[in-house]
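Here's a walk through one protein model, written for someone who'd rather look at the site than read a parameter file. Have the viewer open and follow along.

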Amino acid sequence: MEQYVSVTPEEAMQARDGVIKLHGPEGFDGMRKAGRLAAEILDALVPHVVPGVSTEELDDIVREMTMRGGAVPATLGYRGYTHSCCISINHVICHGIPSDKKLKDGDIVNIDVTPQLNGWHGDTSRMFLVGDVPVKAKRLVDVTYECLMLGIEAAKPGNYVGDIGHAIQMHAEKHRYGVVRDFCGHGLGQLFHDAPEIVHVGRPGTGPELRPGMIFTIEPMINIGKAAGKILDDGWTAVTRDRSLSAQFEHSIGITEDGCEIFTSSPKGFDKPPY
Ligand code: MF3
Ligand code: CO
Ligand code: CO
């Protein structure tokens with residue numbers, strides 16, 4: 001049996017090995033504000049994600065907007081990571097490090113931001129299409145977004161974490177795409193990464209039961225080819241082993257009495273491309 005504990009905002013800061021936190025109204029309020037800022041940052045990037053821009057320039061914009069919003073980028077200094085977001089291009093699965101590399105026509109790009117506002121973490125990512133993108137790549141991006149939303153539909157009391165993974169896996173594999181196993185969604189709140197793990201594959205009715213007050217991300221990474229990945233020598237960048245294209249979307253959500261609340265929806269309606 002998993003363990004659950006109801007927490008106050010103060011207790012939400014404590015690491016508790018494997019125990020799943022149930023947050024109250026103050027936690028949901030904190031997440032709503034952090035999530036909104038995270039979504040606004042991604043909204044503001046839309047006009048900047050064009051051929052010729054370097055990923056470092058985009059990282060600068062993320063850092064400035066995060067600070068202007070009264071937050072700090074949670075990734076800055078996180079386990080030695082020195083940037084304000086992750087930018088993952090084409091066959092990069094996740095954790096792409098901003099650099100002087102420039103975006104080019106036809107790229108598909110994930111930008112993942114996590115402002116920490118008043119202690120709470122808003123963790124979200126979206127795909128961006130750079131210029132003219134081939135139909136095959138656009139289809140991957142569409143299906144990956146559908147996977148996220150199907151996972152979110154399964155996120156309700158009475159269901160289990162395995163129901164979320166199952167919904168995602170069924171949809172991705174129907175399109176003969178590979179679901180990445182090496183990274184998963186996670187509990188979050190005053191901690192960036194907390195219990196439980198939200199694996200993006202699974203069997204219905206397995207894993208922890210979903211209860212009101214749980215707060216976590218769903219962030220499926222889907223590959224056109226095989227699921228396998230590897231980490232480059234920089235220690236961060238995860239790429240597909242077969243160099244096939246990979247896409248990801250991420251929302252931070254909270255389980256409510258009758259379903260869930262998405263904290264990171266786009267105020268501008270830019271939830272999925274084209275924007
Ligand atoms: N935002 C990522 C996530 O979705 C974590 C990035 S950690 C970093 O969990 F150090 F790579 F930035
Ligand atoms: Co996350
Ligand atoms: Co993220």
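Gly-162 sits in helix H4. This is a predicted model, so keep that in mind as you click around. Is Gly-162 buried or exposed? With a relative accessible area of 7%, Gly-162 is under the 20% cut-off and therefore counts as buried. Its C-alpha lies 5.1 Å from the C-alpha of Arg-203, although 41 residues separate the two in sequence.

Helix H4 (161-174) also feeds the largest nonpolar core, supplying at least two residues, as do strand S2 (20-23), helix H3 (135-153), S13 and S18. The top contributor is H3, with eight residues. That core has 33 residues, and the ones touching the most other members are Ile-108, Ala-155, Ile-164, Met-214, Phe-216, Ile-218 and Ile-222. As a general point, nonpolar side chains in soluble globular proteins tend to be buried together.

Now for the metals. There are two cobalt ions to look at, ligand 2 and ligand 3, and they lie 3.3 Å apart with Asp-123 bridging them. Here are the two sites side by side:

| Ion | Protein donors | Donor distances | Angles among six donor atoms | Sequence spacing |
|---|---|---|---|---|
| Cobalt ion (ligand 2) | Asp-123 (OD), His-186 (NE2), Glu-219 (OE), Glu-250 (OE) | 2.0 to 2.2 Å | 52 to 160 degrees | D-x62-H-x32-E-x30-E |
| Cobalt ion (ligand 3) | Asp-112 (OD), Asp-112 (OD), Asp-123 (OD), Glu-250 (OE) | 2.0 to 2.3 Å | 59 to 167 degrees | D-x10-D-x126-E |

Why is the ligand 3 site called irregular? Six donors count as octahedral only if opposite donors are over 155 degrees apart and all others fall between 65 and 115 degrees. The angles at the cobalt ion (ligand 3) start at 59 degrees, so the site is irregular. The cobalt ion (ligand 2) has angles starting at 52 degrees, so that site is irregular too.

Take the cobalt ion (ligand 3) again, which shares Asp-123 with the cobalt ion (ligand 2). Asp-112 is in strand S6 (residues 108-113), while Asp-123 is in the loop between strand S8 (120-121) and strand S9 (124-129), eleven residues apart. Asp-112 is buried because its relative accessibility is 11%, and Asp-123 is buried because its relative accessible area is 2%.

Back at the cobalt ion (ligand 2), the donors include Glu-219 and Glu-250. The spacing along the chain runs D-x62-H-x32-E-x30-E. This pair links distant parts of the chain: Glu-219 is in the loop between strand S13 (215-218) and strand S14 (221-223), and Glu-250 is in the loop between strand S17 (246-248) and strand S18 (251-255), 31 residues apart. Glu-219 counts as buried because its relative accessibility is 8%, and Glu-250 is buried because its relative accessible area is 1%.

Finally, have a look at ligand 1. Which residues come nearest to ligand 1? Out of 14 residues around it, they are Thr-75, His-186, His-193, Glu-219 and Glu-250. Some metal donors turn up in its polar contacts as well. One nitrogen atom of ligand 1 is 3.1 Å from a side-chain N or O atom of Asp-112. An oxygen atom of ligand 1 is 3.0 Å from a side-chain N or O atom of His-186, and an oxygen atom is 2.9 Å from one in Glu-219. Taken alone, ligand 1 exposes 340 Å², of which the protein buries 96%.

Conventions. Residues are numbered from 1 along each chain as its sequence is written. Chains are lettered from A and ligands numbered from 1 in the order in which they are written. This is a predicted model: local features need pLDDT of at least 70, side-chain atom pairs count only at pLDDT 80 or more; totals for chains, interfaces and linings use all residues. Side-chain values use heavy atoms; hydrogens and water are left out. Donors are N, O and S atoms within 2.8 Å of the metal (3.2 Å for Na, K and Ca); water is not among the atoms, so sites may look incomplete. Four donors count as tetrahedral if all angles lie between 85 and 135 degrees; four count as square planar and six as octahedral if opposite donors are over 155 degrees apart and all others between 65 and 115; anything else is irregular. Helices (H or I, at least four residues) and strands (E, at least two) are DSSP runs, numbered from the N terminus. Buried means under 20% relative accessible area, exposed over 50%, partly exposed in between (1.4 Å probe, protein chains only). A residue is near a molecule or strand if one of its heavy atoms lies within 4 Å of it. A polar contact is a pair of N or O atoms within 3.5 Å; within protein, one must be able to donate a hydrogen and the other to accept it, and residues adjacent in sequence count only if both atoms are side-chain atoms. Accessible areas come from the Shrake-Rupley method with a 1.4 Å probe; for residues, only the protein chains shown count as cover. A nonpolar core is a set of buried Ala, Val, Leu, Ile, Met, Phe, Trp, Tyr and Cys residues joined through side-chain atoms within 4.5 Å.
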